[in-house]
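Here is a short, friendly tour of one protein model. Have the sequence and the 3D view open as you read.

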Amino acid sequence: QVQLVESGGGLVQAGGSLRLSCAASGSIFRINAMGWYRQAPGEQRELVAIIISGGSTNYADSVKGRFTISRDNAKNTVYLQMNSLKPEDTAVYYCQVIQTTSSRVTNTYWGQGTQVTVSS
């Protein structure tokens with residue numbers, strides 16, 4: 001099993017910044033990708049940003065140019081730097097990790113979620 005611990009959420013004014021962190025621990029073998037999703041009230045969970053093992057990244061159109069995802073492989077930690085925050089960025093943000101085990105089984109793990117609230 002892999003455990004994910006998120007931190008960094010909170011309340012910020014529009015135009016402000018926050019940095020989310022997600023540290024993975026436990027039975028880590030080979031992490032294929034680490035990413036961030038978010039879910040606003042009454043909405044479906046959506047991809048915000050993802051970084052794969054080779055370092056390639058992908059972002060939702062709504063956050064391009066404002067959010068940056070990065071990863072510290074030595075710490076098995078993924079970060080999401082969020083700048084120029086808008087009220088519509090308000091949501092619970094979830095960390096996701098996809099890894100392949102030594103038995104070549106691919107598993108997906110989710111963090112507990114961290115609330116981000118942007119006031120206008």
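Among contacts in the protein with a separation of 6 or more, 54% join residues that sit 24 or more positions apart. Do keep in mind that this is a predicted model.

The protein has 11 strands and 0 helices, which gives the pattern β-β-β-β-β-β-β-β-β-β-β along the sequence. Its radius of gyration is 14 Å, close to the 14 Å from the globule rule for 120 residues, so the protein is as compact as a globular protein of that length. The C-alpha trace spans about 50 × 25 × 25 Å along its principal axes.

Turning to burial and surface, 41% of the 120 residues count as buried. The exposed area of the protein is about 6300 Å², with carbon and sulfur atoms supplying 46% of it. As for charge, there are 10 positive and 7 negative charges, and their mean positions lie 10 Å apart.

Which cysteines form the disulfide? Cysteine 22 and cysteine 95 do, with 2.1 Å between their sulfur atoms, and the structure holds 1 disulfide. Because cysteine 22 belongs to strand β3 and cysteine 95 to strand β9, the pair ties together parts that are 73 residues apart in sequence. The link between cysteine 22 and cysteine 95 is left-handed, with -80° about the S-S bond.

Here are the two partners side by side:

| Residue | Strand | Relative accessible area |
|---|---|---|
| Cysteine 22 | β3 (residues 18-26) | 0%, buried |
| Cysteine 95 | β9 (residues 91-100) | 0%, buried |

Notes: Residues numbered from 1 in each chain as written. Predicted model: local features only at pLDDT ≥ 70, side-chain atom pairs only at ≥ 80, totals over all residues. Heavy atoms only, no water. Disulfide = S-S within 2.5 Å. Helix = DSSP H or I, 4+ residues; strand = E, 2+ residues; numbered from the N terminus. Buried < 20%, exposed > 50% of the residue type's maximum accessible area, 1.4 Å probe, protein only. Rg over C-alpha atoms; globule rule 2.2 N^0.38 Å. Contact = heavy atoms within 4.5 Å. Areas by Shrake-Rupley, 256 points an atom, 1.4 Å probe, with all protein chains shown as cover. Lys, Arg positive; Asp, Glu negative; His and termini not counted. Charge placed at Lys NZ, Arg CZ, Asp CG, Glu CD.
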